[in-house]
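Hi everyone, thanks for coming. I'd like to walk you through one model today, so let me put it on the screen.

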Amino acid sequence: MTTKTVTVSLDGDKSRFVALTGSGHAIVMDSAEGDSGPRPAELLVVAQAGCTAMDVASILRKKRQPFTRYEVRVSAEQRDDPPPHVFERMRIVHVVDGAVDIEAVRRAIELSATKWCTVTGNLASGVTEIHHAYLVHHADGEEYYGEVVVTGPGESPDSLGRRVATQSA
């Protein structure tokens, strides 16, 4: 078992905090009032985007897919009431440019969503429903969009995506 550590220290007399990760990186967080850094809840969305992006880019490279540009767009719906203000739904769209095989992109996203992404596993085992999709700008000028899988809510991290795959079969 691996242990991750973070130390968060108040920086000043308002709501600005500096997090120092176990790997030695600093992250500034703040409230809307001070606005000198992202809110902690925004960092959950950043973590989701970064985790799946690292997985998918790595898988596409291993599959020798010639993408020329890659980005991940995440939209997260956060409940207003009652507290806590949990994320109830996220839409993740992987935007890929290049002469890639659409099935390779779809499979890379599926593997990230159901096997590799630690953040998806954590969020989907709670109340967050996460929709994973892609948008490919192909080298031939065509544009391809596809839904890949839905994970959560309350899904076991050991069986991500199986519930949805079973329902659609």
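Let me begin with a question: is threonine 52 buried or exposed? Threonine 52 is buried, and its relative accessible area is 0%. Before I go further, please keep in mind that what you are looking at is a predicted model.

So, where does this residue sit? Threonine 52 belongs to helix H1. Setting aside neighbours within four places in sequence, the contacts of threonine 52 are Tyr70, Val72, Ile92, His94, Ser112 and Cys117. Cysteine 117, on that list of contacts, is itself buried, at 4% relative accessible area.

Let me step back to the whole protein for a moment. There are four helices and seven strands, and along the sequence they come in the pattern β-β-β-α-β-β-α-α-β-β-α. Of the 169 residues, 37% count as buried. If you fit a box along the principal axes, the C-alpha atoms fill roughly 55 × 35 × 35 Å. And among contacts between residues at least 6 apart in sequence, 50% join residues at least 24 apart.

Now to the sheet. Four strands make an open sheet in the order S4-S5-S6-S7, and the pairing is mixed. Which strands stand at the edges? Those are S4, residues 67-78, and S7, residues 143-151; each has a single partner strand, so one side of each is left without a neighbour in the sheet. On average, and ignoring direction, neighbouring strands here are turned by 15° against each other.

If you follow S6, residues 129-138, you will see that it pairs with S7 in the antiparallel sense, over eight bridges. To pick out one pair, tyrosine 134 has glycine 146 in S7 as its bridge partner.

Two helices pack on this sheet. Helix H1, residues 40-62, touches S4, S5 and S6, and its direction makes about 150° with that of S4. Helix H2, residues 102-116, touches S5, S6 and S7, with its direction at about 155° to that of S6.

Let me stay with H1, as it is where we started. How far apart are its end C-alpha atoms? They are 33 Å apart, and this agrees with the 33 Å that the 23 residues of H1 should span at 1.5 Å a residue. The buried residues of H1 include Val45, Gln48, Ala49, Thr52, Val56, Ile59 and Leu60. What do the buried residues of H1 pack against? Their partners are S4, S5, S6, H2 and helix H3, which covers 118-124. Another buried residue in H1 is Cys51, with a relative accessible area of 15%. While we are on cysteines, the structure holds zero disulfides. Just after H1, have a look at arginine 64, which takes a positive phi of about 55°.

There is also a hairpin to look at. Strand S2, residues 17-21, and strand S3, residues 26-29, run antiparallel and are joined by four bridges. Alanine 19 stands opposite isoleucine 27 in S3. Four residues lie between the two strands, and in that turn glycine 24 has a positive phi of about 90°.

Last topic: charges. How many salt bridges does the structure hold? The count is eleven, and I'll show you three of them.

The first I'd like to show is between arginine 39 and aspartate 35, at 2.9 Å from N to O. Arginine 39 counts as partly exposed, at 24% relative accessibility.

Next, arginine 106 and glutamate 103 meet in a salt bridge at 3.0 Å, N to O. Both lie in helix H2, three residues apart, which is about one turn of the helix. Arginine 106 is partly exposed at 22%, and glutamate 103 is partly exposed at 43%.

Then there is glutamate 71 with arginine 73, where the closest N and O atoms are 2.6 Å apart. Glutamate 71 counts as partly exposed at 28% relative accessibility, and arginine 73 also counts as partly exposed, at 41%. Which residues do shared partners join into one network? Arg69, Glu71, Arg73 and Asp97 are linked in this way by salt bridges.

That's my tour. Thanks for listening, and I'm happy to turn the model around for anyone who wants another look.

Notes
Residues are numbered from 1 along each chain as its sequence is written. This is a predicted model: local features need pLDDT of at least 70, side-chain atom pairs count only at pLDDT 80 or more; totals for chains, interfaces and linings use all residues. Side-chain values use heavy atoms; hydrogens and water are left out. Two strands pair if DSSP finds at least two bridges between them. Axes are lines fitted to C-alpha atoms, for helices over the stretch in contact, and angles run from 0 to 180 degrees between N-to-C directions. Contact means heavy atoms within 4.5 Å. A disulfide is a pair of cysteine sulfur atoms within 2.5 Å. Buried means under 20% relative accessible area, exposed over 50%, partly exposed in between (1.4 Å probe, protein chains only). A salt bridge is a side-chain nitrogen of Lys or Arg within 4 Å of a carboxyl oxygen of Asp or Glu. The expected span of a helix is 1.5 Å times one less than its number of residues.
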